[in-house]
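Trainee: Could you walk me through this model before I start drawing my own conclusions? I would like to reason from one feature to the next.

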Amino acid sequence: MKKIILFSILSFIVRPQTIVSQDTISITPHKFTAHNKGKMYFYWGGNRESFSKSDIHFKGPDYDFTLYNVNAEDKPMGWHINYINPTKMTIPETNFRLGYFINDHYNISVGFDHMKYVMVQNQKVEIGGAIGESYPNYAGIYLPSGNHTIDLNDGNFLQFEHTDGLNYVNTEFCRVDDISKLFKIKNTDKFQLNITEGLGAGLLYPKTNAKLLEKERHDDFHVSGYGVSAKVGLNFTFFKYFFVQTELKGGYIDMDDIRTTSSSSDTASQHFFFLQRIITFGGIFKV
């Protein structure tokens, strides 16, 4: 019996043992940036815009006319402290968005694009329609094909801006793809490069600054129409939670109920295309 016990002990001692140490285990940690589902993000930034020419139709008591192919431009502030001043953040041309990833690639978001639309004052445009005797300085019948023009340098005839602003309040549905591997970026928790594309739609809530036919200037917020848009962008994520995102966004705006004076009987309408160049700064986190 003793020999059997001794043999068993010796067999256990000399039997090859598989010893696993922490040094020999290769552990691949789960990266925060590997999956997006359930994450929320937000960003804030600025933009520059370009606008297509547009026909602007003005209608009210004793006048009904259209200005054709009107030029407009944005109103840039450049790099300015107002972008981060809480009391003045809405003054420059800005973009804000809050979004949620429904899976690793797709997210839905809400936000607003605060653009500024300024009719170029130094231009002559064609005019068609009629202005009655209530406005003697401009009264007349203007045939659309009659080559009638009007000089908009005369600020008493028209000053027209959406400068506080051309507010596009919208919802977007976007896709995001990690393209870090294309640039041999291995640790995406330190730096990640993504491409994003999306479609959006929403309402236009401009504050239109207008002076028309020598009437008093009017400047008030009013829901005026709708917009649709599409975008493509690059997202540069640093240390998992922080990112810079650049975007090109183009779209179409149709406003058929623009307030031009304090009277609701005075209205304007226009539609045009826009292009934004956007840079934003934001954060992303798991919820």
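Mentor: Happily, and one term first: a contact means heavy atoms within 4.5 Å. This is a predicted model, so local features need pLDDT of at least 70 and side-chain atom pairs count only at pLDDT 80 or more, while totals for chains, interfaces and linings use all residues. Residues are numbered from 1 along each chain as its sequence is written, and side-chain values use heavy atoms, with hydrogens and water left out.

Trainee: How many strands does the protein have?

Mentor: Helices (H or I, at least four residues) and strands (E, at least two) are DSSP runs, numbered from the N terminus. By that count there is one helix, and the strands number 16.

Trainee: Among contacts with a separation of 6 or more, what share comes from residues 24 or more positions apart?

Mentor: Take the contacts in the protein whose partners have a separation of 6 or more. Then keep those between residues 24 or more positions apart, and the share is 70%.

Trainee: And how much of the protein is made up of buried residues?

Mentor: Buried means under 20% relative accessible area, exposed over 50%, and partly exposed in between (1.4 Å probe, protein chains only). The protein has 287 residues, and the buried share of them is 42%.

Trainee: Let us take one residue, Met119. Is Met119 buried or exposed?

Mentor: Met119 is found in β6, a strand that spans residues 106-119. Its relative accessible area is 3%. Because that value lies under the 20% cut-off, Met119 is buried.

Trainee: Which residues does Met119 contact once its neighbours within four places in sequence are left aside?

Mentor: Look at two stretches of the chain. Before Met119 in the numbering come Val70, Asn71 and Ala72. After Met119 come Leu152, Leu158, Gln159 and Phe160.

Trainee: How far apart in space are Met119 and Glu161, C-alpha to C-alpha?

Mentor: In sequence, Met119 and Glu161 are 42 residues apart. In space, from C-alpha to C-alpha, they are separated by 5.9 Å.

Trainee: Following Glu161 onward, which residue in β12 does Glu161 stand opposite?

Mentor: Two strands pair if DSSP finds at least two bridges between them. β10 and β12 meet this with five bridges, in the antiparallel sense. Opposite Glu161, the residue in β12 is Asn209.

Trainee: How many of the six residues of β12 are buried?

Mentor: β12 runs over residues 207-212. The strand is mostly covered, and the buried residues in it number five.

Trainee: What is the bridge partner of Lys207 in β13?

Mentor: β13 covers residues 218-221, and four bridges join it to β12. The two strands run antiparallel. The partner of Lys207 is Phe221.

Trainee: Which residue in the hairpin of β12 and β13 takes a positive phi?

Mentor: Five residues lie between the strands of this hairpin. One residue there has a phi near 50 degrees, and that residue is Leu213.

Trainee: Where is the place of Lys184?

Mentor: Most residues other than glycine have a negative phi. Lys184 is not a glycine, yet its phi is positive, about 55 degrees. Lys184 is also exposed, with a relative accessible area of 74%. Its place is in the loop between β10 and β11.

Trainee: What is the relative accessible area of Phe239?

Mentor: Phe239 sits in the loop between β14 and β15. Though not a glycine, Phe239 has a positive phi of about 50 degrees. Phe239 counts as exposed because its relative accessible area is 57%.

Trainee: What is the omega of the cis peptide bond that joins Asp164 and Gly165?

Mentor: Most peptide bonds are trans. The bond between Asp164 and Gly165 is cis, and Gly165 belongs to β10. Its omega is about -5 degrees.

Trainee: Finally, which element gives the largest share of the lining of the second largest pocket?

Mentor: On a 1 Å grid over the protein atoms alone, a pocket is an open set of points where a 1.4 Å probe fits, with protein on both sides within 12 Å along at least five of seven lines; lining residues have an atom within 4 Å of a point. This pocket is lined by 14 residues, with Thr33, Ala34, His35, Asp178 and Gln192 nearest its centre. Two or more residues come from each of β10 (158-178) and β11 (191-204). The largest share, three residues, comes from β10.
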